[in-house]
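Biologist: I should like to go through the terms used for this model one at a time. For each term, may we set the value against the rule and then conclude?

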Amino acid sequence: MKRKIALALAVMMAAGALAACGGSSSESSTSSSETAETSDDASAEESSETESSGQGYTIALCNNSLGETWRYQMVAEFEQAADAYVEAGVISEYYETNAEADASKQISDMQDLIAKGVDGILIAVVNPTALNDVIDEAMDAGIKVVAFNALPDTDNVTAKVNQSDYDFGRIGAEFLVEKLNGEGKIIVLQGVAGNTICEGRWEGAKDVFDQYPGIEIVGEAYGN
């Protein structure tokens with residue numbers, strides 16, 4: 001039963017983080033026990049956490065990077081939700097990691113979270129295939145793994161929460177074609193090479209542009 005509740009909790013938090021839409025390399029942890037050590041003149045953020053019985057769940061956000069400004073908002077919304085669950089006694093502590101767009105570091109982050117024995121991990125992967133083995137390790141350990149935003153190329157996860165990147169790209173391209181009346185020169189600036197989100201959005205956009213001979217792609221680059 002505890003694992004089922006941890007799954008539901010992780011899915012809700014992933015959905016909230018995705019709605020925000022991949023810093024420092026140090027791992028951060030927030031727990032109610034740490035809050036108990038703060039002074040009486042605590043800040044609003046500190047006072048949002050309350051002492052728990054230690055029976056709550058341990059949840060982790062395994063983030064791929066803070067390379068885009070919206071990811072800072074995503075992390076802030078994760079923390080806001082987690083703090084509310086700490087106050088309610090559902091979560092006893094939570095962790096955050098930032099892989100800085102390095103797949104090797106994200107693998108290490110995942111292994112560390114597995115060693116900590118967390119109940120659930122929310123993950124946006126750096127690379128669609130590089131994290132598959134360590135995700136298997138987490139699943140084998142009984143940890144609920146919820147993938148969101150940047151998804152791994154494996155179905156061995158507890159749940160996936162994501163938008164249609166193909167439709168995202170298609171809708172944007174249709175808007176641009178309409179504004180250009182079907183004719184114009186376009187420069188394509190994507191995000192990170194090999195990223196599944198970029199690939200899906202460009203696939204959707206390109207399928208639209210290919211229908212219009214008057215649309216010319218004059219340059220392509222990755223902005224990273």
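**Reasoning from values to terms**

Biologist: Why is Asp-112 called partly exposed?

Modeller: The relative accessibility of Asp-112 is 30%. The term covers values between 20% and 50%, so Asp-112 is partly exposed. Please bear in mind that the model is predicted.

Biologist: What makes Asp-112 and Lys-116 a salt bridge?

Modeller: Their closest N and O atoms are 2.8 Å apart. The rule asks for a side-chain nitrogen of Lys or Arg within 4 Å of a carboxyl oxygen of Asp or Glu, and therefore the pair qualifies. Lys-116, with a relative accessible area of 35%, is partly exposed as well.

Biologist: Where do these two residues lie?

Modeller: Both belong to helix 5, which covers residues 103-116. They are four residues apart, about one turn of the helix.

Biologist: How do you know that Asp-167 and Arg-170 form a salt bridge?

Modeller: The closest N and O atoms of this pair are 3.4 Å apart. That value is within the 4 Å cut-off, so the pair counts. Asp-167 and Arg-170 are three residues apart in helix 7, which amounts to about one helical turn. Both are partly exposed: the relative accessible area is 31% for Asp-167 and 27% for Arg-170. Together with Glu-174, these two residues are linked in a network of salt bridges.

Biologist: What makes Lys-185 and Glu-216 a pair that ties parts of the chain together?

Modeller: First, Lys-185 and Glu-216 form a salt bridge, with their closest N and O atoms 2.9 Å apart. Secondly, Lys-185 lies in strand 7 (residues 184-190) and Glu-216 in strand 8 (residues 215-222), so the bridge joins parts 31 residues apart in sequence.

Biologist: Why do Lys-185 and Glu-216 receive unlike labels for exposure?

Modeller: Lys-185 has a relative accessible area of 64%, and the label "exposed" requires over 50%; Lys-185 is therefore exposed. Glu-216 has 39%, which falls between 20% and 50%, so this residue is partly exposed.

Biologist: How many salt bridges does a search of the whole structure find?

Modeller: It finds nine.

Biologist: Why is the pair of Phe-78 and Tyr-94 called edge-to-face?

Modeller: A pair of aromatic rings is described by the distance of the centres and the angle of the planes. By the rule applied here, there are two aromatic pairs. In the pair of Phe-78 and Tyr-94, the centres are 5.6 Å apart and the planes meet at 90 degrees. The centres must lie within 6.5 Å, and an angle over 60 degrees counts as edge-to-face, so both conditions are met. Phe-78 lies in helix 4 and Tyr-94 in strand 3, so the pair ties together parts 16 residues apart in sequence.

Biologist: How do you know that Phe-78 and Tyr-94 are buried?

Modeller: The relative accessibility is 2% for Phe-78 and 2% for Tyr-94. Buried means under 20%, and therefore both residues carry the label.

Biologist: What makes the pair of Trp-202 and Phe-209 tilted?

Modeller: Their centres are 6.2 Å apart, with 50 degrees between the planes. An angle under 30 degrees would be stacked and one over 60 edge-to-face, so this pair is tilted. Trp-202 and Phe-209 are both buried.

Biologist: Which residues touch the most other members of the largest nonpolar core?

Modeller: They are Met-110, Ile-121 and Ile-123, in a core of 38 residues. Among the elements that give two or more residues to this core are helix 4 (69-87), strand 3 (91-98) and strand 4 (120-123). Another core, of nine residues, lies apart; Ala-173, Val-177, Ile-186 and Ile-215 are among its members. In soluble globular proteins, nonpolar side chains tend to be buried together.

Biologist: What does Ile-121 touch beyond its neighbours within four places in sequence?

Modeller: Its contacts include Ala-60, Cys-62, Met-110, Leu-113 and Val-145.

Biologist: Which nonpolar residues form a patch on the surface?

Modeller: Phe-175, Leu-176 and Leu-180 do, with about 240 Å² of accessible area together. Phe-175 has its place in helix 7 (residues 165-179).

Biologist: How much of the protein counts as buried?

Modeller: Of its 224 residues, 42% do. The protein has eight helices and eight strands.

Definitions and conventions. Residues are numbered from 1 along each chain as its sequence is written. This is a predicted model: local features need pLDDT of at least 70, side-chain atom pairs count only at pLDDT 80 or more; totals for chains, interfaces and linings use all residues. Side-chain values use heavy atoms; hydrogens and water are left out. Patches are made of residues with over 30% relative accessible area and no salt bridge: like charges are joined within 9 Å, nonpolar side chains (Val, Leu, Ile, Met, Phe, Trp, Tyr) within 5 Å. Accessible areas come from the Shrake-Rupley method with a 1.4 Å probe; for residues, only the protein chains shown count as cover. Buried means under 20% relative accessible area, exposed over 50%, partly exposed in between (1.4 Å probe, protein chains only). A nonpolar core is a set of buried Ala, Val, Leu, Ile, Met, Phe, Trp, Tyr and Cys residues joined through side-chain atoms within 4.5 Å. Contact means heavy atoms within 4.5 Å. Rings of Phe, Tyr and Trp (its six-membered ring) pair if their centres lie within 6.5 Å; planes under 30 degrees apart count as stacked, over 60 as edge-to-face and the rest as tilted.
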